[in-house]
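Got your viewer open? Get ready to pick out some residues, one stop at a time.

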Amino acid sequence: MKTPDFWQKDKGGWKACLLTPVALLYAAGAGLRSWSTKPIHAGVPVLCVGNVTAGGTGKTPVVIALVRAARSMGIRVAVVSRGYGGRLEGPVKVDVARHQVSDVGDEPLLIAAHGETWVAKNRVAGARAAVADGADFIILDDGFQNPTLHKDFSIIVVDGMFGFGNGRRFPAGPLREALPAAIRRADLILLMGRDDAGLTDSIGKDIPVERAALRPKAPESLAPGMKCVAFAGIGLPQKFFSTLRSLGVIVLAEHSFPDHFMYARGDLERLISEARSLEATLVTTAKDYVRLPAEAAREVAVLEVDVDFENLDLPKRLIAQVLNHG
């Protein structure tokens with residue numbers, strides 16, 4: 001789905017009010033599940049990277065950064081993901097040479113290029129499969145609201161521009177759960193980018209806050225002054241378009257699609273035709289790129305990103321902390 005405009009901070013109005021009863025039912029169901037579920041230990045330390053809002057925080061690049069850090073420390077790390085959008089129930093170990101987005105989802109394919117990744121709708125089964133395969137450390141991708149697997153340390157990734165939106169529960173707003181309850185369960189807030197939303201006031205002082213930012217890695221076809229047609233099917237596509245402009249790229253057209261959108265050949269043909277007519281480069285995100293039809297992908301440039309942590313040793317320090325106390 002696309003991020004609705006009324007989810008933005010200081011917005012809401014009649015649409016949010018109309019959806020509030022649905023949000024209450026959603027919250028009640030989630031609360032009952034959490035209350036009635038006893039978390040199961042995986043047998044190895046589990047570091048959870050999640051968020052409290054629906055999409056668009058930069059969580060996947062953070063997971064990849066942690067995987068790289070763990071591997072550099074000589075740790076046999078495995079990521080366990082739900083595999084949103086994939087058809088496989090799992091547990092299955094992602095093979096980038098064999099699996100497609102329709103099998104395992106887009107985010108697991110991205111992560112698997114950097115380290116062992118397992119997809120499982122049942123997170124406990126996924127963790128157990130990874131451990132049986134030899135993993136001695138688990139990174140749980142987007143499992144903060146899942147109560148089934150015990151977590152030794154939980155990070156909430158928050159986008160500094162979007163923040164917590166209008167502060168309402170899904171679907172009246174972007175929150176997956178009540179903010180105070182989420183903060184009580186988390187061990188760390190990772191604030192991505194500038195705090196344009198004034199998050200430090202919402203978070204309070206009872207939980208550590210670390211800072212990081214996404215650093216774009218532009219290909220030569222996106223040098224300053226170059227023209228492009230941009231498209232994205234992510235939680236906050238405007239962030240992508242703004243990043244392109246910050247690089248000095250001239251964005252002639254923007255096309256937003258729902259998060260995890262599966263592009264058909266016709267979608268790409270129209271975008272390619274537009275870019276050619278404007279003599280511009282067609283560009284998208286790494287997460288979108290893995291969802292493109294193979295025959296059209298060669299026509300598209302990719303803007304990849306890395307994570308720059310304010311405290312450079314933060315990933316290794318967090319991993320060591322989890323290992324020592326997990």
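Which side chains meet in a salt bridge at 3.6 Å, N to O? Select Lys217 and Asp306: their side chains are the ones that make this contact. Before you zoom in further, keep in mind that you're looking at a predicted model.

Now colour the two strands involved. Lys217 sits in strand E8 and Asp306 in strand E12, so the pair links distant parts of the chain, 89 residues apart. Try switching on the surface next. Asp306 is buried, with a relative accessible area of 15%, because anything under 20% counts as buried. Lys217 is partly exposed, at 34%.

Stay on Lys217 and add Glu304 to your selection. These two side chains also meet in a salt bridge, this time at 3.8 Å, N to O. Glu304 lies in strand E12, which covers residues 300–309, while Lys217 belongs to strand E8, residues 209–217, so this pair ties together parts that are 87 residues apart in sequence. How open is Glu304 to the outside: buried, exposed or partly exposed? Partly exposed, with a relative accessible area of 40%.

Time to widen the view. Select Arg68, Arg215, Lys217, Glu304, Asp306 and Asp308 together, and show their side chains as sticks: they are linked in a network of salt bridges. Across the whole structure, a search finds 26 salt bridges.

For another one, jump to Asp313 and Arg317. Their closest N and O atoms are 3.9 Å apart, and the two form a salt bridge. Check the surface here too: Asp313 counts as partly exposed at 45% relative accessibility, and Arg317 is also partly exposed, at 36%.

Last stop: a pocket. Which residues lie nearest the centre of the second largest pocket? Select Gln100, Val101, Val290, Arg291 and Leu292 to find out where you are. They're part of a lining of 15 residues, around a pocket with a volume of about 360 Å³.

Next, highlight helix H3 (101–104) and helix H11 (294–297). Each of these helices supplies at least two residues of the pocket's lining. Finally, colour the lining by residue class: you should get eleven nonpolar, three polar and one charged.

Methods
Residues numbered from 1 in each chain as written. Predicted model: local features only at pLDDT ≥ 70, side-chain atom pairs only at ≥ 80, totals over all residues. Heavy atoms only, no water. 1 Å grid on protein atoms, 1.4 Å probe; cavity = no way out; pocket = protein on both sides within 12 Å on 5 of 7 lines; lining within 4 Å. Points joined across faces, edges and corners; volume = space filled by probe spheres on them. Helix = DSSP H or I, 4+ residues; strand = E, 2+ residues; numbered from the N terminus. Nonpolar A, V, L, I, M, F, W, Y, C, P; charged D, E, K, R; others polar. Salt bridge = Lys/Arg side-chain N within 4 Å of Asp/Glu carboxyl O. Buried < 20%, exposed > 50% of the residue type's maximum accessible area, 1.4 Å probe, protein only.
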